[in-house]
Amino acid sequence: MADISGVPHLFGGENALRDDLKARLERAGLHVTSAIAGTRGAAHALARHGGGIIPDGRLAEGIGPLPISALRVDHDTTEALSRVGLVRIADLIALPRAPLARRFGPGLILRLDQALGAQSEPVAAEPDAPHFGVRMTLPEPIGLQADVMAGLERLLDRLCDKLFATHRGARRLRLELHRVDHVAAQIEIGLARPMRDPVRIAALFAKGVEGVESGFGIEAMRLSAPLTEPLPPEQIGDGPTVGHEDVLADLLSSVGNRIGFDRVLRLLPATSLIPERSFLLAPAAYSEPEPLVHYSGAKRPITLFPPEPVTAASGTPPASFRWRRMRFTTLRAAGPERITPEWWFDDPAWRSGLRDYWRIETREGPRLWLFVTPQTTAGLALPATARAQNWYVQGEFA
Amino acid sequence: MRPEPPPSDPFELRPHRVHEAEGRGRRSFALFQALRHPGPLVWITPAHSPELPMLRGLPKGVGERLHLLRPSGETDLLWCVEEALRAVPVGLVIAEPEKPLSLTAGRRFQLAAEAGRTTGLLLIREGAGSNATETRWHCAPQASSSPDSTLHHWTLSKNKMGTSGFWTLNWNGASSAVDLVSEARQRHEPAETPR
């Protein structure tokens, strides 16, 4: 929707303007229907029912033949109106307004008034998103690390004031250092949670600034926050004490900036019975800890790894087997616990069908989580030795 | 330096120091210690390590506090351990280095743990520890005779500030309490002479 009041004569009239718009959009591969009218509601209605131009002062005739659903009213109202025989907008215009409002609510009258221009509805552009960027040009090129950090602190103060004014916190910050010889160095840091505390952010930049080659000197600095998140002001207690949560967030930020935020993880519970999918590894910077709903059922191992086949297994459950080049003898076995694959996911690891899990205590000490895939050999007449190859270890209990 | 009186609880890790555990049961030992340390937990494993802690199998209350760091190289791993040890609110840092630790790295960890007032536990491979460690535990699961018990055999093989010993105990994997099966241990200190 665009406000074109006072503009059409520049394009040779409303008709020419509309044709021009249509031709340009068609060149871009878009087929559109457009309408020009004196009010926003009328243009909206006409654009959805054939398009065209309603000349000034003839709104009622222009939109009169259109169905009532064009008026931006909900489906129920339209249906109720059609049940009493009111189908077109022209039918509505002729009726007395008070009974109409009483029966169908003020919304219908409001939409009608907006379409006819009795109620104002300005076309306003959305306000620009605030820009979080500050820069500083230096009279003399600088090269010392301390000078860069001092400049950065001044920039951070200004940026954080801006962030505070809009109640936002930075999630990602970029510092560009322009050198005298027109080479720019860029340092980007991520934050484990939205933040606008200049001192703590400056500490995270220290390592990046250390690695910058200043050459003949740096003459301009630019600091921007490409990614921000809402951060309402918090009530802080007496004294500028930094809470434990902040210290932990600082640790996650500094670790994440070095090894990558996708490697700083948290375990989150998931609703799946498949062992591999019973928990999620979520980046700690973008998730909150979730309490584990107490789980009843068979015990689960403390460590889980991709299935490793065992060899020389004998019997069900195996009385003895070899795994990781060690020989194990079963002392006690608990099971089986049958887990069937989730058919709505095509997981290559689970193509072998359902699994029977056993908790096996070995004479040697380790308590292992073994499973067998009975379906892989069910239909085939294989010798017992081949069937014994279906045992895998997937976890280890405490 | 005179040895301190032995603590009443033999499995209490001396706070603000870095300890080591080896053997098959070292992860059980780490979880047992995680239960005894309140506050956030940091578990650092190499990125290519296939073994992950399974959330449903962890003792109650550990999973929510756990932060898993998976750095891709040994240098990054050591750096993460040091950084985590220096952070004050962290309750326990558990790390699984792959290579034997040098004395320098071990000393740095001790200094970081003292600075950050954090306790660390390194899960090392057999014989890959550093001399700077405060205590070294050898942990092995043991086959038990009754179906309801999970026996562990924990040996304290190095102790800078006390005596060593070994315990066979029954830990159910859920609480911070253990059930000592036998008090028997080798005696390293001289016997009290009757006066």
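**A sheet shared between two chains**

In this predicted model, A:Leu304 has its bridge partner in strand S3 of chain B, namely B:Leu52. That pair belongs to a link between S9(A) and S3(B), residues 52-53, where 2 bridges hold the strands together in the antiparallel sense. The link is part of something wider: an open sheet of 7 strands, arranged in the order S10(A)-S11(A)-S12(A)-S13(A)-S14(A)-S9(A)-S3(B), with antiparallel pairing. At its edges stand S10 of chain A (320-323) and S3 of chain B, and each has just a single partner strand, so one side of each is left without a neighbour in the sheet. Further inside, S13(A), residues 367-372, pairs with S14(A), residues 391-396, through 5 bridges, again in the antiparallel sense. Within that pairing, A:Trp369 is matched with A:Gly395 of S14(A).

The contact between the chains goes well past this sheet. Chain A puts in 40 residues, and chain B puts in 39. On the chain A side, at least two residues each come from helix H10 (244-259) and from strands S7 (264-269), S8 (279-283), S9 (303-309), S11 (326-339) and S12 (355-362). The top contributor to this side is H10(A), with 8 residues. Sorted by class, the chain A residues that touch chain B come out as 25 nonpolar, 7 polar and 8 charged.

H10(A) also has a helix to lean on across the divide. It packs with helix H2 of chain B (residues 74-86) at an angle of about 170°, the two axes lying 10 Å apart. H10(A) and H2(B) therefore count as roughly antiparallel to each other. From H10(A), the residues involved are A:Leu251, A:Ser254, A:Val255, A:Arg258 and A:Ile259, and they meet B:Asp76, B:Trp79, B:Cys80, B:Glu83 and B:Ala84 of H2(B). This helix-to-helix contact is made of 6 nonpolar, 1 polar and 3 charged residues.

Chain A has a second open sheet to look at, this one with 4 strands in the order S3-S6-S4-S5 and antiparallel pairing. Its edges are S3(A), residues 133-142, and S5(A), residues 184-195; each has a single partner strand, so one side of each has no neighbour in the sheet. From one strand to the next, the twist averages 15°. S4(A), residues 168-179, runs antiparallel to S5(A), and 8 bridges join the two. One of the residues involved is A:Arg174, whose bridge partner in S5(A) is A:Glu188. Helix H8 of chain A (residues 145-165) packs on this sheet, where it touches S3, S4 and S6 (218-230) of chain A, and its direction makes about 35° with that of S6(A).

Ahead of that sheet in the numbering there is a pair of helices. H6(A), residues 97-104, and H7(A), residues 106-116, have axes that come within 6 Å and cross at roughly 130°. That crossing makes H6(A) oblique to H7(A). On the H6(A) side the contact uses A:Arg97, A:Leu100, A:Ala101 and A:Phe104, while H7(A) offers A:Pro106, A:Leu108 and A:Ile109. By class, this contact holds 6 nonpolar residues, no polar ones and 1 charged residue.

Stepping back, chain A is built from 11 helices and 14 strands. Its radius of gyration is 35 Å, whereas a compact globule of 398 residues would have one near 21 Å. Along the principal axes, the C-alpha trace of chain A spans about 95 × 75 × 50 Å. Buried residues account for 27% of the 398 residues in chain A. Among the chain A contacts with a separation of 6 or more, 56% link residues 24 or more positions apart.

Chain B has 3 helices and 10 strands. Starting from the N terminus, its elements run β-α-β-β-β-α-β-α-β-β-β-β-β. Of its 195 residues, 43% count as buried. Residues 24 or more positions apart make up 69% of the chain B contacts with a separation of 6 or more. Helix H1 of chain B (residues 26-36) shows the burial nicely: 10 of its 11 residues are buried, so the helix is largely enclosed by the rest of the structure. The buried residues of H1(B) include B:Phe29, B:Leu31, B:Phe32 and B:Leu35, along with B:Arg26 and B:Arg27.

Notes
Residues are numbered from 1 along each chain as its sequence is written. Chains are lettered from A and ligands numbered from 1 in the order in which they are written. This is a predicted model: local features need pLDDT of at least 70, side-chain atom pairs count only at pLDDT 80 or more; totals for chains, interfaces and linings use all residues. Two residues are in contact if their C-beta atoms, placed from the backbone, lie within 7 Å. Ala, Val, Leu, Ile, Met, Phe, Trp, Tyr, Cys and Pro count as nonpolar, Asp, Glu, Lys and Arg as charged, and the others, Gly among them, as polar. Two strands pair if DSSP finds at least two bridges between them. Axes are lines fitted to C-alpha atoms, for helices over the stretch in contact, and angles run from 0 to 180 degrees between N-to-C directions. Angles under 35 degrees count as roughly parallel, over 145 as roughly antiparallel, 65 to 115 as roughly perpendicular and the rest as oblique. The radius of gyration is taken over C-alpha atoms; the globule rule is 2.2 Å times the number of residues to the power 0.38. A residue is buried if 20 or more other C-beta atoms lie within 10 Å of its own, exposed if 12 or fewer, and partly exposed in between; C-beta atoms are placed from the backbone.
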